[in-house]
Structure formats: C-alpha cells, structure tokens
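Please open the model in your viewer and keep the selection panel at hand. The tour begins at the ligand and then moves on to pairs of helices.

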Amino acid sequence: MSIYLDHNATTPVDPRVAEAMLVPLREAFGNPSSLHRFGQKARGMIEEARAEVARLVGATAAEIVFTGSGTEADNLALRGFSGAARGARRIIVYAAIEHHAIVNTAKALAEEGTSVVSVRCRPDGVIDLEDLRAKLDEETALVAVMLANNETGVLQPIGEVARIARAQGASVHCDAVQAVGKVPVDVKDLDVDTLALSAHKFGGPKGVGALFVRQGTRLRALLRGGSQERNRRAGTENVAGIVGLGKAAEIVRTEAGGEAERLAPLRDALEQALLKNPGTRPNGAGPRVANTTNVSFDGIEAESLVLALDLEGVAVSTGAACAAGAIEPSHVLRAMGLPVSRVQGSVRFSLGRGNTAAEIDAASGLVASILERQRRLAPSRS
Ligand code: PLP
C-alpha cells in the first residue's frame, strides 16, 4: 500500500509539468540574458511562464519576480521592505502562526537591530485582529500575514488585515504558499503589496518560487549581481524550474476549483472518521482550505503514529519541526494555545490530486488500529 497524505509538505510533480520542463532542458540551453537566438529562446520561455504566474494571481507580468523557493520569496519581502524602509517607519509586524520562512527571518532581522512584533492567534487558528490593531502605529513599515496556514489549513482574513494595515499607512506581505492551488488568490482582492508562492506546493518542481511585487513598491534586493528580474533577484535564471512553475500555474488556474470541490468531502470524511477515535480533537476551526485536517490524539506521540503509519505505507506529518535532533513542538499549535502535551500528539493529514475515497477509508482504518495498539501497549499514557 502507498497512500500519500502529506501534500502540504510537497506535491507530486504533475506529469504535464515534467513534460513541459524537458523542453528548456533539451532545447533551450542558452543564457536568457544573451542577445543571440539561443538566449532569446530561453528568455521567451521565462516570459511566458511569468505571464502565466501573473494570470494566476491577478497581477501583471512585470510584477512577478522569480525566486529560488517560497522561503526566498518571504525573505525577499521582509528583508526587502526592511532594507528600503525610510524615516521612522521601520517596524515589521508578523503573525505568530507564520511559517518559519517568516518567523525566523523576522527573528534574524531583530538580531540585526530591526524592531519586529508578533501578533497573537486565537484558539481557532485565526490571527487576533484586535491584537493586530493594538500593535500597529505610524512606525509600522510592514504587516506579514499568511493566507492559509500550512499546519491547520485555516484561512486568514487578509482583506481585513490589509484594511487595518492601510489605515496605519503600512504595507502588507502575504505568504500564499499554502493557498495557491487550493483557493483562488487575487492580489487585488487581497489588497497586498507582496505575495509569496512556491511551485512544489501545487504540482510544480522544488526550488522555484515567485514574489508578486506590486508596481511601484520599494524593495531592496536580497541577492546582488547581474540585472536579472529587473534588478530584484540577481543570478542566471532556473529556466526549467520557471517553465515548470508556469505550467503548474496554468494547470491550477484551469483545474483547481474542481479539485477543491472533490477534496473537501474526502477531507471531511477523513476527519470525521479520525474523530471517532477516543481522545481525538480537531485543531483549527472556521474557514479552511479543502485538503487539510490537523488532529490531536490524547496520550499518543505523534512521531510514533507517523512512523507506524509509514510502515503501513501511509505518509502523514507531525506539526513538529526537528531541529538539531530535538523535536520542537509546533509554534503554530502553541500559538493557538494548545498545551505541549496536546501538540505532541498532533498529526496533519493533507490531501491532494491522487487521493481517492478508498485511500481515505484505508488510512483512517489504519489510524484506528494503530491507536488501539499503541494505547494497549502504553496504557499509562492514555
Ligand atoms: N510558507 C509556507 C506557508 C509554507 O508552507 C512553506 C513550505 O512549507 C514555505 C513558506 C516555504 O516554501 P519553500 O519550501 O518553497 O521554501
């Protein structure tokens, strides 16, 4: 058996994307900055991909900067705004539930002397807008809030965040890495200045992402060198990766709506089946992306459940990050107010394209039998 329920970690590359990437690899080796036909062929492919990505998020092509990952796009936004900040308006505000790409960049900026402020989260997994309001003032340069959380799938009220930020004259960055391909994303509707996305989260290859940068936005470049990406990201472009991102964007734009409708009942069925196990609770409520459920199993170590499921061929994930050999409890679930013991028993199931109702049945059946076995073997923990 092989059931992949970890699509928020990464998605399989769509075969149409892989096919599209072979074209530049085989037929367009030229440097996109070269004036000759070899270079111009590669350049043309990059610009087609740029137009596709722009179309996907409602931007213009000139507003799309290709990066080496979603992480780089987030770094470029935070460091870009911070580096371009003028006068007293220098403070960076971010949600406590942001991905490490934001949280750790903010922490690094703080170590370098920039003032950064984190905003609390409610128990349902949504940013606390009152806390946001209280923490903004005329010195706020940027507010960074994600669209969909990677661990819980909970959608954040970016429109409202942007209104609150604008009222204080601050700019807005949105990490939409987990939202693109799952919900419609339109930079104008969201009213954001920058927005990060990553190809491998929606059927594209790893190691390529993009940052939408609203026209006229002042941003300091992260990488210096050549004048690629309108001086916003130096370095010879990853042509095949960018072409793959463009193809994935096209597929998502035309097919994602139907896929979300297909996944929502599968996810709900999985969640309901999981919650039938004693001592099981859902993490995160309210509007969520259609593919994600995060649940806590009382008295169970999430890692041991993940490993036991892996032995049976089912891939899921804990909310914990393994840093230097030590398991760190998820900062997202902690920010939602969950006690460490509950966080340690939390598992994320994230569905995607290939998953079927039969797989969901099989996976939830396996979870039930593993839980029963683990609790039987360690009765003192339950
Ligand atoms: N932001 C969010 C919300 C994510 O879930 C991830 C990846 O897990 C990233 C950023 C980083 O993206 P990448 O893996 O392309 O660096």
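Select Ser-198 together with the ligand: in this predicted model, a polar atom in the side chain of Ser-198 lies 2.6 Å from one of the ligand's oxygen atoms. Add Lys-201 to the selection, where a polar side-chain atom is likewise placed 2.6 Å from an oxygen atom of the ligand. Then add Gln-178, whose side chain has an N or O atom 2.9 Å from a ligand oxygen. Of the 390 Å² of accessible area that the ligand has on its own, the protein covers 88%.

Next, widen the selection to the whole shell, in which 13 residues surround the ligand, with Gly-70, Thr-71, Asp-175, Ser-198 and Lys-201 being the closest. If you colour this shell by residue class, you will find eight polar residues, three charged ones and two nonpolar ones. Which helix contributes the largest share of the shell around the ligand? Select residues 70–84, which form helix H3, and you have the element that supplies this largest share, with three residues.

Now leave the ligand and turn to how helices pack, a matter described by the angle between two axes and the distance between them. Select helix H1, residues 15–27, and helix H9, residues 239–275. The axes of H1 and H9 come within 8 Å and cross at roughly 150 degrees; because angles over 145 degrees count as roughly antiparallel, H1 and H9 are roughly antiparallel to each other. Viewed as a crossing, H1 passes H9 in the right-handed sense.

Keep H9 selected and replace H1 with helix H13, residues 357–377, whose axis comes within 10 Å of that of H9 and crosses it at roughly 15 degrees. That angle makes H9 roughly parallel to H13, and H9 passes H13 in a right-handed crossing.

Technical notes:
Residues are numbered from 1 along each chain as its sequence is written. This is a predicted model: local features need pLDDT of at least 70, side-chain atom pairs count only at pLDDT 80 or more; totals for chains, interfaces and linings use all residues. Side-chain values use heavy atoms; hydrogens and water are left out. A residue is near a molecule or strand if one of its heavy atoms lies within 4 Å of it. A polar contact is a pair of N or O atoms within 3.5 Å; within protein, one must be able to donate a hydrogen and the other to accept it, and residues adjacent in sequence count only if both atoms are side-chain atoms. Accessible areas come from the Shrake-Rupley method with a 1.4 Å probe; for residues, only the protein chains shown count as cover. Helices (H or I, at least four residues) and strands (E, at least two) are DSSP runs, numbered from the N terminus. Ala, Val, Leu, Ile, Met, Phe, Trp, Tyr, Cys and Pro count as nonpolar, Asp, Glu, Lys and Arg as charged, and the others, Gly among them, as polar. Axes are lines fitted to C-alpha atoms, for helices over the stretch in contact, and angles run from 0 to 180 degrees between N-to-C directions. Angles under 35 degrees count as roughly parallel, over 145 as roughly antiparallel, 65 to 115 as roughly perpendicular and the rest as oblique. A crossing is left-handed if the near helix is turned anticlockwise from the far one by less than a right angle, and right-handed if clockwise.
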